[in-house]
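Got the viewer open? Switch on the cartoon, keep the selection box handy, and we'll go from stop to stop.

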Amino acid sequence: MRKISSKFMALTVFLVIFGGIGATILADVWTTESTKVPVTYKEGEFEGQYNPEDIRGSYTFSEVSELFEVDLGDLLEAFGIPEGTDGTSIQTKVLEEMYPNLPNEIGNGSVQLFVAFYKGLPPEYDDTYLPAQAKDILYRVNEKLTAEEKAYIESHLAVLPEPAGEASEPAGPAATEEVEPLVKGATTFQQVLDAGITKAQIEEIIGSAMPATNLPIKDYCLEKGLSFSEVKEKLNALVEK
């Protein structure tokens, strides 16, 4: 059997790999850009516009800014991210890691709500909190906020911690210990199961067979057209029993 030289093999591999890429470029298939496309409203006043409820934790701040036409500076400022930060380098899901000890969660759901208020789109409240500094930005850019929306914003503001290295007064002990709700924006079905809620109880609440356990409950509700607020309330009620 004739032995294939290493040079010939290397040339063959090169042609296969880069020739394939070249062919897909010519066929307009190859792309190095983000292909994230949020779902749109299917009917009503906002038909055809992107729905901020479909902002996933894998979206970067730059992607949110570009897709929803939200000023990147406003977005970074609202969530306590230093001015000049590369928006392509930070995903919305890191907010929960940045602010892990807040009494009320600031995370991807907060970005969804901020964008809805910013753009004048229908907000999905779900008892979601916003950073305190987001209020002034929203009041500045959206003069059409209703009294109800302003009341919600005022009652759902979380004070973000001081930047690292700056001294701050220690918080005093709470008068009463509050039980933190189990189900939040990023909670998965597995976490609910781990808390002692049975598969049968979950299926009764969502009205169908339970999906993959690593799926966030909020994402499932959005996909199936369910009210996450109602599902969350029923699941949390089971935990508190």
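Among contacts in the protein between residues at least 6 apart in sequence, what percentage join residues at least 24 apart? The figure is 57%. Keep in mind throughout that you're looking at a predicted model.

**Whole chain**

Start with everything displayed. The protein has eleven helices and two strands, and reading along the sequence gives you α-α-α-α-α-β-α-α-β-α-α-α-α. Color by burial next: of the 241 residues, 34% are buried.

**Stop 1: helix H6**

Select residues 134-141, which form helix H6. Show side chains for Ala 134, Ile 137 and Leu 138, the buried ones to look at here. Why do they sit on the same side of H6? Because they cover an arc of only 95° around the axis. The general background is helix geometry: with 3.6 residues a turn in an α-helix, residues three or four places apart point the same way.

Now bring in what those buried side chains pack against. You'll want helix H3 (72-78), helix H5 (108-119), strand E1 (130-131) and helix H7 (147-155) on screen.

**Stop 2: where H5 meets H6**

Keep H6 and H5, and hide the rest. The two helices pack at an angle of about 25°, with axes 8 Å apart. That angle makes H5 roughly parallel to H6. For the contact itself, select Phe 114, Phe 117 and Tyr 118 on the H5 side, then Ala 134, Ile 137, Leu 138 and Val 141 on the H6 side. Sorted by class, this contact has seven nonpolar residues, no polar ones and no charged ones.

**Stop 3: Asn 108**

Stay on H5 and select Asn 108, which belongs to that helix. Is Asn 108 buried or exposed? It's buried, because its relative accessible area is 12%, under the 20% cut-off. Turn on a distance label here: a polar atom of the Asn 108 side chain lies 2.9 Å from the backbone oxygen of Ile 55. Widen the selection to contacts, skipping neighbours within four places in sequence, and you pick up Ile 55, Arg 56, Gly 57, Thr 92 and Glu 96.

**Stop 4: the loop between H5 and E1**

Follow the chain out of H5 towards E1 and pull up the backbone torsions. Asp 126 lies in the loop between these two elements, and so does Asp 127. Asp 126 has a positive phi of about 55° although it isn't a glycine. Asp 127, also not a glycine, has a positive phi of about 60°. Add a surface and check Asp 126: it counts as buried because its relative accessibility is 5%.

**Stop 5: helix H7**

Select H7 and show Glu 149, Tyr 152 and Ile 153, which are buried. They span an arc of only 100° around the axis, which means they are on the same side of H7. Spin the helix to the face turned away from that buried side, and you'll find the exposed residues Ala 147 and Glu 148. To see what covers the buried residues, display H5, E1, H6 and strand E2 (157-158), which are among the elements doing it.

**Stop 6: helix H2**

Last stop: residues 61-68, helix H2, with Leu 67 in it. Ser 65 lies in H2 as well.

Take Ser 65 first. With a relative accessibility of 12%, it counts as buried. Which backbone oxygen lies 2.6 Å from a polar atom of the Ser 65 side chain? That of Val 70. Leaving aside neighbours within four places in sequence, the contacts of Ser 65 are Val 70, Asp 71, Leu 72 and Leu 75. Then draw a C-alpha to C-alpha distance to Val 115: it and Ser 65 are 50 residues apart in sequence and 9.1 Å apart in space.

Move on to Leu 67, which is partly exposed at a relative accessible area of 22%. With neighbours within four places in sequence left out, Leu 67 is in contact with Lys 36, Pro 38, Tyr 50 and Tyr 59. For one more distance, pick Pro 52: this residue and Leu 67 are 15 residues apart in sequence, with 9.7 Å between their C-alpha atoms.

Notes:
Residues are numbered from 1 along each chain as its sequence is written. This is a predicted model: local features need pLDDT of at least 70, side-chain atom pairs count only at pLDDT 80 or more; totals for chains, interfaces and linings use all residues. Side-chain values use heavy atoms; hydrogens and water are left out. Buried means under 20% relative accessible area, exposed over 50%, partly exposed in between (1.4 Å probe, protein chains only). Helices (H or I, at least four residues) and strands (E, at least two) are DSSP runs, numbered from the N terminus. The arc is that of the directions from the helix axis to the C-beta atoms. Contact means heavy atoms within 4.5 Å. A polar contact is a pair of N or O atoms within 3.5 Å; within protein, one must be able to donate a hydrogen and the other to accept it, and residues adjacent in sequence count only if both atoms are side-chain atoms. Axes are lines fitted to C-alpha atoms, for helices over the stretch in contact, and angles run from 0 to 180 degrees between N-to-C directions. Angles under 35 degrees count as roughly parallel, over 145 as roughly antiparallel, 65 to 115 as roughly perpendicular and the rest as oblique. Ala, Val, Leu, Ile, Met, Phe, Trp, Tyr, Cys and Pro count as nonpolar, Asp, Glu, Lys and Arg as charged, and the others, Gly among them, as polar.
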